[in-house]
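Student: Could you pick one residue here and give me a close look at it? After that, I'd like to see how the rest of the architecture is put together.

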Amino acid sequence: MGYVIQAVLSNAQHPEYGQITIPFPIPKEEYDHTIELLEPLGIGDTLRQDCKVDDLDSFYTVLNALIGKSVTLDELDYLAKRLDSFDDGEAAQFQGMAHKLGITQIKDIINLTFCCQQATVITDFSDLKEIGQEHYMNLNGGSASVEELENLDGVETALLLIDSGVGTVTPYGVVYDNCMRLEQLYNGRQFPEYLYDNSKLGLKIVPAEGQKSELLWLPASEQQIRRTLLRAGVRDADTAEYVIDAFFLQKEVGEILDEKQDSLTALNAMSSAIAKLDEKGQDKLEAVIVFADPKNAAQICQLAKNLDQFSFIPGVHTPEEYGKYMIQESGRFEYDDNLDGFYNYKSYGEHRIQQEDGCFSAYQKQWGSLLSKTRLLTGTCHTSSHSNQVREMRKRSLFL
């Protein structure tokens, strides 16, 4: 099954417009297109629950309670992302508690994903010790030390639980709610903070008066940004205010970003460019930032897009080491071991450094050599026109 939820949606007010089948979660690169597909049906509004669920397919059969209900597209997408992270134990807890509580509204179902882990659901009575240990952890925030579990009489704990007689038999196991409370983390408009994928930058949107904030994870599609802002009561991305709330990018990037200067558009473009880099590219970008000294998110974006304009040589921090690398490993020369004592690595390295206007420096992770091949395009992104003013950086060499 390539989806967590697959829903058949329609317009309750105009069923004659037809139906559409959408798999969830929606891949980021398909999100905007999915919104376009909903337009002929007159559904897909950011705030109104205008998507009627005509049918639903999921491993989580308890979600069949949503059939016939109206939801927003983003509610189904968020719910699918939450459930996609569940292991088998959490899946049993979620379905068992949803059935026990008789939950049928998507707001409550989403909120249940944040607290169902407090419940104990027994699906197999063959290992009482394991049942007792899991119940103990459920009562203590989902974790326990090795010492605690070793000192715990798991069998006795399980028997006390079973003999309590407070369990509820459901199709998903025997459920003990452990006095779980269904907290209203999702208020029906702004979604609670949740990192689903490998997003590296989280912006807390400053909400309009009377609204609450929501976290926007970057990179995001144009529609994802627009809809997140609308839920916070903000209509203009160019003037939207934000606070950097979660940051998993390079330290060098964080030292440059300016919440007063960098627009959402510039930050999103930068995040998108960085997200496309592999681990080596990420390390290379750190060195390039030290070299190029960008001043804002737009310039970092241009650096990330033009990394091929640089050659990065880790482990070089003296002219002699650079000369040795160039002669022995660069492939530009036919190196002969028998002549090693005759090579003047230091002199050649100094010559290359001078020729390339180079210097030595250091960046956070390691020493190395960074060489610009030809020219590097950098610039500033203007949010009003989304255009770049481009300047050239003269050819230089940096040794890190």
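Tutor: Let's start with Q133, which is buried, at a relative accessible area of 18% (buried is under 20%, exposed over 50%, partly exposed in between, with a 1.4 Å probe and protein chains only). The residue belongs to helix α5, residues 128–139 (helices are DSSP runs of H or I of at least four residues, strands are E runs of at least two, both numbered from the N terminus). Set aside its neighbours within four places in sequence, and Q133 is in contact with L149, L152 and G154 (contact means heavy atoms within 4.5 Å). A word on the ground rules: this is a predicted model, so local features need pLDDT of at least 70 and side-chain atom pairs count only at 80 or more, while totals for chains, interfaces and linings use all residues. Residues are numbered from 1 along each chain as its sequence is written, and side-chain values use heavy atoms, with hydrogens and water left out.

Now zoom out. The chain has 14 helices and 16 strands, and 46% of its 400 residues are buried. Of the contacts with a separation of 6 or more, 67% link residues 24 or more positions apart.

On to the sheets. One is an open sheet of 4 strands, ordered β2-β1-β3-β4 with antiparallel pairing (two strands pair if DSSP finds at least two bridges between them). Its edges are β2 (19–24) and β4 (70–71), each of which pairs on one side only. Inside the sheet, β1 has 5 of its 6 residues buried, so this strand is largely enclosed by the rest of the structure. With β2, strand β1 pairs antiparallel over 6 bridges, and A7 has I22 of β2 as its bridge partner. With β3, strand β1 also pairs antiparallel over 6 bridges, and there V8 stands opposite D55. Strand β3 (residues 51–58) then goes on to β4 through 2 antiparallel bridges, with V71 of β4 as the bridge partner of C51. Helix α2 (residues 73–84) packs on this sheet, touching β1 (5–10), β2, β3 and β4, and its direction makes about 175° with that of β1 (axes are lines fitted to C-alpha atoms, for helices over the stretch in contact, and angles run from 0 to 180 degrees between N-to-C directions).

The other sheet to look at is an open, antiparallel one of 3 strands in the order β5-β7-β6. β5 (120–122) and β6 (168–170) sit at its edges with a single partner strand each, so one side of each has no neighbour in the sheet. From one strand to the next, the twist averages 30°. Three bridges would be the thing to trace by eye: β6 runs antiparallel to β7 (residues 173–176), joined by 3 bridges, and T168 has V175 as its partner in β7.

Finally, a helix pair. α11 (residues 279–292) packs against α12 (residues 297–305) at about 125°, with the axes 10 Å apart. The two are therefore oblique to each other (under 35 degrees is roughly parallel, over 145 roughly antiparallel, 65 to 115 roughly perpendicular, and the rest oblique). On the α11 side the contact is made by L285, V288, I289 and A292, and on the α12 side by I300, L303 and A304.
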